[in-house]
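Open the model in your viewer and keep the sequence beside it. Each stop below says what to select and then what is there.

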Amino acid sequence: MTAPVLELIDVTRIHGRGATAVHALRGISLMVCAGELVAVMGPSGSGKSTLLNAAGGLDTVTTGQVLVEGQDLAALSRSDLAGVRRRSAGYVFQDLNLIPTLTAAENVSLPLELDGRRRTRSHALSALEEVGVADLADRYPDEMSGGQQQRVAIARALVGERRLVLADEPTGALDSETGEAVLTLLRRRVDQGCAGVLVTHEARHAAWADRVVYLRDGQIVDATSYAVVPDSLETAR
């Protein structure tokens, strides 16, 4: 087995203290390797988004370790942690978080610009072409459909040499056809060598993953490896 790109080791996340404390994660251990897509499912409040936020360094854990490409996120300075999010981990937010005053190309190139990279537009155009919306490079978010905005958000998560892609309900606001196209893009990038984590409520979307992890009350209660994949996935591959 290849070295894990993402590893959570006995992770807990507790909000508050005493009688009002909320245990969002309770001893989560999870490993995701390159070329592997793991779907995370569970009811509302089960800890799915908290797990994803911890994996991307957007939230600190109470105990345990989160390793991205062997780096312990808790041991990093704030600037080094920001560097991991710019270079190693791409995040597709449920509400997209595109900046309305920036064009599609500018939104996608932003992580590279913050990292001091040059020729960021050419990288952004390559990422937009990969997700099929290069022709929208100079449009603003309010000039795009929901599906187009989602593709731009995915391009932003993939731009550069990202090794980890974290997607929080990326198809939640999309019609079924556009949702399938988004999952195809995510699956293709994973098959090219990224590690991916997909939070979803939909079993048919989880079927695109290599493994499904079920959460309840902040704990992993079951895990399934898929032996059969959807026809659409076979086509994508």
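Start at Gly 193, just after helix 6, where the phi angle is positive, about 125 degrees. Helices (H or I, at least four residues) and strands (E, at least two) are DSSP runs, numbered from the N terminus. This is a predicted model, in which local features need pLDDT of at least 70 and side-chain atom pairs count only at pLDDT 80 or more, while totals for chains, interfaces and linings use all residues. Residues are numbered from 1 along each chain as its sequence is written, and side-chain values use heavy atoms, with hydrogens and water left out.

**Helix 6**

Now select residues 176–191, which are helix 6. How far apart are its end C-alpha atoms? They are 22 Å apart, which agrees with the 22 Å that its 16 residues should span at 1.5 Å a residue; the expected span is 1.5 Å times one less than the number of residues. Next colour the buried residues of helix 6, among them Thr 178, Val 182, Leu 185, Leu 186 and Arg 189. Buried means under 20% relative accessible area, exposed over 50%, and partly exposed in between (1.4 Å probe, protein chains only).

**The cavity**

Stay with Leu 185, Leu 186 and Arg 189, which also line the largest cavity. On a 1 Å grid over the protein atoms alone, a cavity is a set of points where a 1.4 Å probe fits but cannot get out; a pocket is an open set with protein on both sides within 12 Å along at least five of seven lines; lining residues have an atom within 4 Å of a point. The count comes to 1 cavity of 30 Å³ or more, and the largest cavity has a volume of about 40 Å³. Grid points are joined across faces, edges and corners, and a volume is the space filled by probe spheres set on the points. Add Val 92, Ile 154, Leu 158, Val 165, Ala 167 and Pro 170 to complete the lining. Helix 6 supplies the largest share of this lining, 3 residues. By class, the lining has 8 nonpolar residues, no polar ones and 1 charged. Here Ala, Val, Leu, Ile, Met, Phe, Trp, Tyr, Cys and Pro count as nonpolar, Asp, Glu, Lys and Arg as charged, and the others, Gly among them, as polar.

**The largest pocket**

Select Arg 85, Arg 86, Phe 93, Pro 111 and Arg 162, which of the 19 lining residues lie nearest the centre of the largest pocket. The space in this pocket is about 400 Å³. Which helix gives the most to its lining? Helix 3 does, with 4 residues.

**An aromatic pair**

Keep Phe 93 and look for aromatic pairs: the whole structure has 1. Tyr 91 and Phe 93 form this stacked pair, 4.4 Å centre to centre with 20 degrees between the planes. Rings of Phe, Tyr and Trp (its six-membered ring) pair if their centres lie within 6.5 Å; planes under 30 degrees apart count as stacked, over 60 as edge-to-face and the rest as tilted. Tyr 91 counts as buried because its relative accessibility is 10%, whereas Phe 93, at 24%, is partly exposed.

**The hairpin**

Finish with residues 4–15 and 22–33, the antiparallel strands 1 and 2, joined by 8 bridges. Strands pair if DSSP finds at least two bridges between them. Glu 7 stands opposite Met 31 in strand 2. The two strands form a hairpin with 6 residues between them, and Gly 16 in the turn has a positive phi of about 85 degrees.
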